[in-house]
Amino acid sequence: MHINWRKVVLGALDVVLGAYIIVAFTAFNKPNEAAYVCTQVNINIQDEATNGFISAGEIKSRLERNRLYPLNQPMKQVNARRIEEMLKLSPFVKNAECYKTQDGHVCITLTQRMPTLRIKADNGEDYYLDDNNSIMPNSHYTSDLIIASGHINQWYARNYVSHLANALTASDLWRNQIEQIHVLPDHGIELVPRVGDHIVYIGRLPETRHTGQRKKLVTDYVNHKMDRLEKFYKYGLSQAGWNKYAYINIEFDNQIICKKRSLN
């Protein structure tokens, strides 16, 4: 068998030349990350208007303190993963994403934790609970959240008061009407309404060792009590007057005990 070595050599050269052209073309069109720097940092806080725990300025300051702010830094040295991990250490950040673009931009997107209740306990603790019943530290955040005060430790706040507050805020009526929950030393619950100069006592929340049953027990109990209170508002206070009573006790199912306001 005769081998045409000239054709073999030429074929091999064609393959090598073709591979070189592909590599050169790819290298020519691919930006050289080591040759350019970050020209812009985009910080997007998705729910900044709703929550307001953190701002773009605070994120910038946090990155600068940790020497991670990427502006004017070589893109090759910008570590997106490290930026994400550092930002997630904030007690107010739920999620953080960071990525680089070929035009020299670094984009950072943050999602904040959602507060549902503020706790101002008699023991001096002042903090928030989020939508996962986890504790968030106090901050300059202001909102129309229900405030829970009184004899509350963190365990009782996370396991009982949170379910009470969630049951109230699930209703348009009570979300707008109830502004404060007060826990007495025996764990009796008082509610402070926005409209009407009175206090509503609903009794003690049902307690159980079974964590999976707590939410349902508390929710059912609160809904039952608040249904009775709504009827009393419609058919009782609407006739007697919103400021006639100072204290309304709906603890018992067969009666509503009202204490009249002192005339002094």
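What share of the contacts in the chain with a separation of 6 or more comes from residues 24 or more positions apart? Residues that far apart account for 55% of these contacts. Keep in mind that the model is a predicted one. With that in hand, here are some exercises to work through with the structure open.

**Exercise 1. Take stock of the chain**

Task: describe the secondary structure and the burial of the chain.

Solution. Start with the elements: the chain has six helices and twelve strands. Then turn to burial: 37% of its 264 residues count as buried.

**Exercise 2. A contact across the sequence**

Task: find where A121 lies and which residues A121 touches, leaving out residues up to four places away in sequence.

Solution. Step one is location: A121 belongs to strand β4, which spans residues 115–121. Step two is burial: the relative accessible area of A121 is 11%, and the cut-off for buried is under 20%, so A121 is buried. Step three is the list of partners, which holds G150 and I152. Finally, compare sequence with space: A121 and G150 are 29 residues apart in sequence, yet their C-alpha atoms are 5.0 Å apart.

**Exercise 3. A buried loop residue**

Task: decide whether T208 is buried or exposed, and name the residues it touches beyond four places in sequence.

Solution. First, place T208 in the loop between β10 (199–204) and α6. Next, take its relative accessible area of 15%; T208 is buried because this value is under 20%. Last, look around T208: its contacts are Y160, Q213, R214 and L217.

**Exercise 4. Salt bridges along helices**

Task: examine three of the eight salt bridges found in the whole structure, and relate each to its helix.

Solution. Begin with R175 and D172, whose closest N and O atoms are 2.2 Å apart. Why can this pair be described as about one helical turn apart? The two residues are three residues apart in helix α5 (residues 172–177), so about one helical turn separates them. For accessibility, R175 is partly exposed at 34%, while D172 is exposed at 52%.

Move on to helix α6 (residues 211–240), where K216 and D220 lie four residues apart, about one turn of the helix. Their salt bridge has its closest N and O atoms 2.7 Å apart. K216 is exposed, with 57% relative accessibility, and D220 is partly exposed, with 38%.

Stay in α6 for E230 and K234, again four residues apart, or about one turn. Here the N to O distance is 3.6 Å. The pair qualifies as a salt bridge because the cut-off is within 4 Å. E230 has a relative accessible area of 27% and is partly exposed.

**Exercise 5. Two helices crossing**

Task: work out how helix α2 packs against helix α3, and which residues meet.

Solution. Read off the geometry: α2 (residues 56–65) and α3 (residues 80–87) pack at about 115 degrees, and their axes are 11 Å apart. That angle makes α2 roughly perpendicular to α3. As for handedness, α2 passes α3 in a right-handed crossing. Now find the residues: from α2 come I59, R62 and L63, and they meet I83, M86 and L87 of α3. Sorted by class, this contact has five nonpolar residues, one charged residue and no polar ones.

Conventions: Residues are numbered from 1 along each chain as its sequence is written. This is a predicted model: local features need pLDDT of at least 70, side-chain atom pairs count only at pLDDT 80 or more; totals for chains, interfaces and linings use all residues. Side-chain values use heavy atoms; hydrogens and water are left out. A salt bridge is a side-chain nitrogen of Lys or Arg within 4 Å of a carboxyl oxygen of Asp or Glu. Buried means under 20% relative accessible area, exposed over 50%, partly exposed in between (1.4 Å probe, protein chains only). Axes are lines fitted to C-alpha atoms, for helices over the stretch in contact, and angles run from 0 to 180 degrees between N-to-C directions. Angles under 35 degrees count as roughly parallel, over 145 as roughly antiparallel, 65 to 115 as roughly perpendicular and the rest as oblique. A crossing is left-handed if the near helix is turned anticlockwise from the far one by less than a right angle, and right-handed if clockwise. Contact means heavy atoms within 4.5 Å. Ala, Val, Leu, Ile, Met, Phe, Trp, Tyr, Cys and Pro count as nonpolar, Asp, Glu, Lys and Arg as charged, and the others, Gly among them, as polar.
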